[in-house]
Amino acid sequence: MSAPPIEVTGSARQPLGMPAATFLRSYWQKHPLLIRHAFPDFSCPLSPNDLAGLACMPEALSRIVRLDRKRDRWQLDNGPFEDSHFQGLPERDWTLLVQDVDRFDPDVARLLDFVSFLPRWRIDDVMVSYAAPGGSVGAHVDQYDVFLVQGLGQRRWQIDARPGPALGFREDAPIKLLQCFEASHDWVLAPGDVLYLPPGVPHFGEALDECLTLSIGMRAPSAGELLAAFAAERALALPEELRYADPDLAPTGDRGQLDAAALKRLRQILASAIDAPDAELSAFFGRFLSGYRRAFRATPRRITQARIGQQIEAGAVIGEAPGMRLVRDSGPEGPRLYGDGELLPIQPETAAALAQGAIDRSSWTALPETARKELGTLVRRGWLVLEQTH
Ligand code: SIN
Ligand code: CO
């Protein structure tokens with residue numbers, strides 16, 4: 001089947017330029033897509049100065065990538081940075097990148113509504129970059145899907161959308177750069193335009209003027225990470241008696257040789273060892289995902305149940321704490337909630353309230369006292385927060 005159109009125009013009704021189901025079917029994890037005007041009348045949620053401020057904070061992961069064009073030399077500096085560092089930077093050819101900005105800035109966090117059709121736990125963070133003219137992080141590939149939202153200024157994006165691009169890395173640079181890059185598409189993005197890239201598509205974005213780009217990045221655990229984490233947990237649950245067994249053993253002429261029959265038995269025992277019941281597998285995945293790549297743990301809060309009730313009465317809503325990745329499933333004994341790698345059984349009413357998103361005054365008052373208490377505990381744990389709406 002040939003690739004679908006690579007360029008569309010978004011609208012207020014259809015930010016992706018198509019229904020989410022069409023995007024998922026035709027582009028997600030398959031083909032790149034440029035969406036012009038995905039955010040009509042876009043106003044950038046933060047300024048270059050705000051970003052520089054974040055890059056000075058020790059909690060924020062920040063980097064500056066510089067290019068010396070004459071010598072074709074790349075330089076990488078890791079933050080946190082001193083304020084004065086920014087004064088010493090040249091006019092051109094550098095980029096400041098800050099990870100997890102959604103966690104620090106509620107306006108940036110609202111950008112995540114753009115991908116509200118995706119499971120929350122598939123989303124990693126919003127990384128924001130500020131580039132001086134000519135600034136870029138070179139031609140590279142990412143392992144994750146990304147939505148590159150142009151925030152300020154203009155960036156020229158070149159991508160190679162052809163199948164099977166060469167993926168060799170340069171060995172002389174402190175960042176991962178492709179040895180060869182040849183573009184099949186070349187665009188200039190303006191504020192509000194979005195470029196979606198599935199994993200493995202070579203891309204190169206160069207700032208034409210001072211520009212700010214917000215990347216909504218996905219996360220996907222590798223098979224190796226999953227296996228290592230699951231095996232460690234599962235190993236503890238397996239009985240001692242479950243062992244390599246060979247009731248079918250036949251006499252052998254070469255006692256030192258591992259034969260095909262032994263390999264077959266090994267394959268069988270490994271397969272049966274990881275063949276956990278659904279409830280156990282789901283509990284593992286919930287714990288794993290809610291704790292995966294979380295640079296920050298929940299911050300507990302001292303607040304009484306009565307005070308929570310008062311704040312909600314006054315217009316506050318309960319929502320997921322920024323940067324948390326809460327996951328729910330249905331266990332054999334009822335709903336289960338996962339956060340920071342932990343499992344908490346919850347009541348069906350609490351699960352239903354969490355499924356609705358923000359819990360406001362009317363959903364709070366409709367809840368039974370026991371569910372309100374559970375939500376209160378989650379606020380005190382720091383998994384949920386009270387957000388002021390005005
Ligand atoms: C950038 O924002 O400069 C780089 C983003 C990317 O290429 O993934
Ligand atoms: Co990239």
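Colleague: Which residues does Gln158 touch, not counting residues up to four places away in sequence?

Modeller: In this predicted model, Gln158 touches Phe181, Ala183, His185, Asp186, Pro202, His203 and Phe204. Gln158 itself is found in strand β8, residues 155-159.

Colleague: What makes a residue such as Gln158 count as buried?

Modeller: Its relative accessibility is 15%. Buried means under 20%, so Gln158 counts as buried.

Colleague: Why is Asp124 called buried?

Modeller: The reasoning runs along the same path. Asp124 has a relative accessible area of 12%, and the limit is under 20%, so Asp124 is buried. Asp124 is found in strand β6. Leaving out residues up to four places away in sequence, Asp124 touches Gly217, Met218, Arg219, Arg293 and Arg325.

Colleague: What share of the protein chain is buried?

Modeller: Buried residues make up 44% of its 390 residues.

Colleague: What makes strand β5 count as mostly covered?

Modeller: Strand β5 spans residues 94-98, and five of its five residues are buried. In a regular strand the side chains alternate between the two faces of the sheet. On one side of β5 are Trp94, Leu96 and Val98, and on the other are Thr95 and Leu97. These are all buried, and both faces are covered.

Colleague: How do you know that β5 pairs with β3 and β6?

Modeller: Two strands pair if there are at least two bridges between them. Five bridges join β3 (residues 62-68) to β5, and four join β5 to β6 (residues 123-131). Both counts meet the limit, so β5 pairs with β3 and with β6. β3 and β5 run antiparallel, and β5 and β6 also run antiparallel. As examples of single bridges, Arg66 has Trp94 of β5 as its partner, and Thr95 has Ala131 of β6.

Colleague: Where does β5 sit in the order of its sheet?

Modeller: The sheet is open, has nine strands and shows mixed pairing. Its order is β1-β2-β10-β7-β12-β6-β5-β3-β4, which puts β5 between β6 and β3.

Colleague: Why are β1 and β4 called edge strands?

Modeller: β1 (7-9) and β4 (73-78) each pair on one side only. Across this sheet, neighbouring strands are turned by 20° against each other on average, direction ignored.

Colleague: Which helix lies across β3 and β5?

Modeller: Helix α2, residues 48-55, does. It also lies across β6, β7 (146-152) and β12 (211-218), and runs at about 65° to β5.

Colleague: Why are helices α6 and α8 called oblique to each other?

Modeller: Helix α6 (residues 223-237) and helix α8 (residues 278-291) pack at an angle of about 130°, with their axes 11 Å apart. Roughly antiparallel needs over 145, and roughly perpendicular covers 65 to 115. The angle of about 130° fits neither class, so α6 and α8 are oblique. α6 passes α8 in a right-handed crossing.

Colleague: Which residues make the contact of α6 and α8?

Modeller: From α6 come Glu225, Leu226, Ala229, Phe230, Glu233, Arg234 and Ala237. From α8 come Glu280, Leu281, Phe284, Phe285, Arg287 and Phe288. By class, the contact has eight nonpolar, no polar and five charged residues.

Colleague: What makes α10 and α12 oblique to each other?

Modeller: The axes of α10 (residues 348-355) and α12 (residues 369-381) cross at roughly 60° and come within 8 Å. Roughly parallel needs an angle under 35 degrees, and roughly perpendicular starts at 65. Roughly 60° falls in neither class, so these helices are oblique. Their crossing is right-handed.

Colleague: Which residues meet between α10 and α12?

Modeller: Glu349, Thr350 and Leu354 in α10 meet Ala371, Glu374 and Leu375 in α12. These divide into three nonpolar, one polar and two charged.

Colleague: How many helices and strands does the protein chain have?

Modeller: The chain has twelve helices and 17 strands. Its C-alpha trace spans about 75 × 70 × 45 Å along its principal axes. Of the contacts with a separation of 6 or more, 79% are between residues 24 or more positions apart.

How values were computed: Residues are numbered from 1 along each chain as its sequence is written. Chains are lettered from A and ligands numbered from 1 in the order in which they are written. This is a predicted model: local features need pLDDT of at least 70, side-chain atom pairs count only at pLDDT 80 or more; totals for chains, interfaces and linings use all residues. Side-chain values use heavy atoms; hydrogens and water are left out. Buried means under 20% relative accessible area, exposed over 50%, partly exposed in between (1.4 Å probe, protein chains only). Helices (H or I, at least four residues) and strands (E, at least two) are DSSP runs, numbered from the N terminus. Axes are lines fitted to C-alpha atoms, for helices over the stretch in contact, and angles run from 0 to 180 degrees between N-to-C directions. A crossing is left-handed if the near helix is turned anticlockwise from the far one by less than a right angle, and right-handed if clockwise. Contact means heavy atoms within 4.5 Å. Ala, Val, Leu, Ile, Met, Phe, Trp, Tyr, Cys and Pro count as nonpolar, Asp, Glu, Lys and Arg as charged, and the others, Gly among them, as polar.
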